[in-house]
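Please find my comments on the structure you sent. They are set out as numbered points.

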Amino acid sequence: SGNIGYIKITAFYDDTAKVFKSAVNELLADGITGLIIDVRNTESFNYKYASDVIDVIVPLATEGNGAIATALDYQG
């Protein structure tokens with residue numbers, strides 16, 4: 001199986017992606033083969049800051065490269 005890393009995100013702020021990237025890099029240096037990202041019961045949520053976190057581990061989606069998710073607000 002391998003080593004599984006675990007990161008708990010308690011809120012999404014403007015520096016969350018930076019802190020997350022540092023934690024991911026540290027875990028990768030330790031040889032993880034999988035990652036659990038726990039976002040249960042987050043105190044503060046901002047779509048921009050959350051997408052910045054996702055960008056750390058998911059390559060930027062462009063038309064035709066098979067985006068894995070799309071975010072829409074209530075206006076579409």
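The points below go from the overall fold to single residues.

1. Status and overall make-up. The model is a predicted one. Its protein chain has 76 residues, of which 20% count as buried. The secondary structure comes to 2 helices and 2 strands, and from the N terminus on these elements alternate as β-α-β-α.

2. Surface and contact range. The accessible surface of the protein chain is about 6000 Å², and carbon and sulfur atoms account for 53% of that area. If one takes the contacts between residues at least 6 apart in sequence, 80% join residues at least 24 apart.

3. Nonpolar core. The largest nonpolar core has 10 residues in all: I7, I9, F12, A17, F20, V24, L27, I32, A50 and V53. Helices α1 (16-29) and α2 each supply at least two residues of this core. The element that gives the most is α1, with 4 residues.

4. Contacts of V24. One of the core residues is V24. With residues up to four places away in sequence left out, V24 touches I7, L35 and I57. Among these, I7 is also listed in the core, while L35 and I57 belong to a nonpolar patch on the surface.

5. Nonpolar patch. The patch is formed by L35, I37, V39 and I57, which together have about 280 Å² of accessible area. L35 is placed in strand β2. Its relative accessibility is 30%, so L35 counts as partly exposed.

6. Salt bridges between strands. How many salt bridges does the structure hold? There are 3. In one of them, the side chains of D38 and K8 meet at 3.6 Å, N to O. D38 lies in strand β2 and K8 in strand β1 (residues 4-8), so this pair ties together parts that are 30 residues apart in sequence. The two partners can be set side by side: D38 is buried at a relative accessible area of 5%, whereas K8 is partly exposed at 36%.

7. The R40 pair. D38 also meets the side chain of R40 in a salt bridge, with an N to O distance of 2.6 Å. R40 is exposed, with a relative accessible area of 57%. The buried partner here is again D38, at 5%.

8. The pair within α2. The side chains of K48 and D52 form a salt bridge at 2.8 Å, N to O. Both residues lie in helix α2, 4 residues apart, or about one turn of the helix. D52 counts as partly exposed because its relative accessibility is 21%, and the cut-off for buried is under 20%. As for shared partners, salt bridges join K8, D38 and R40 into one network.

9. Backbone at N41. Which residue has a positive phi although it is not a glycine? This is N41, at about 55 degrees. N41 sits in the loop between β2 (34-38) and α2 (47-57). Is N41 buried or exposed? N41 is exposed, since its relative accessible area is 74% and exposed means over 50%.

10. Points to look at in the viewer. I would start with D38, which has salt bridges to K8 and to R40. The next place is the loop that holds N41. The nonpolar patch of L35, I37, V39 and I57 can then be viewed together with V24, which touches L35 and I57.

Key
Residues are numbered from 1 along each chain as its sequence is written. This is a predicted model: local features need pLDDT of at least 70, side-chain atom pairs count only at pLDDT 80 or more; totals for chains, interfaces and linings use all residues. Side-chain values use heavy atoms; hydrogens and water are left out. Buried means under 20% relative accessible area, exposed over 50%, partly exposed in between (1.4 Å probe, protein chains only). Patches are made of residues with over 30% relative accessible area and no salt bridge: like charges are joined within 9 Å, nonpolar side chains (Val, Leu, Ile, Met, Phe, Trp, Tyr) within 5 Å. Accessible areas come from the Shrake-Rupley method with a 1.4 Å probe; for residues, only the protein chains shown count as cover. A salt bridge is a side-chain nitrogen of Lys or Arg within 4 Å of a carboxyl oxygen of Asp or Glu. A nonpolar core is a set of buried Ala, Val, Leu, Ile, Met, Phe, Trp, Tyr and Cys residues joined through side-chain atoms within 4.5 Å. Contact means heavy atoms within 4.5 Å.
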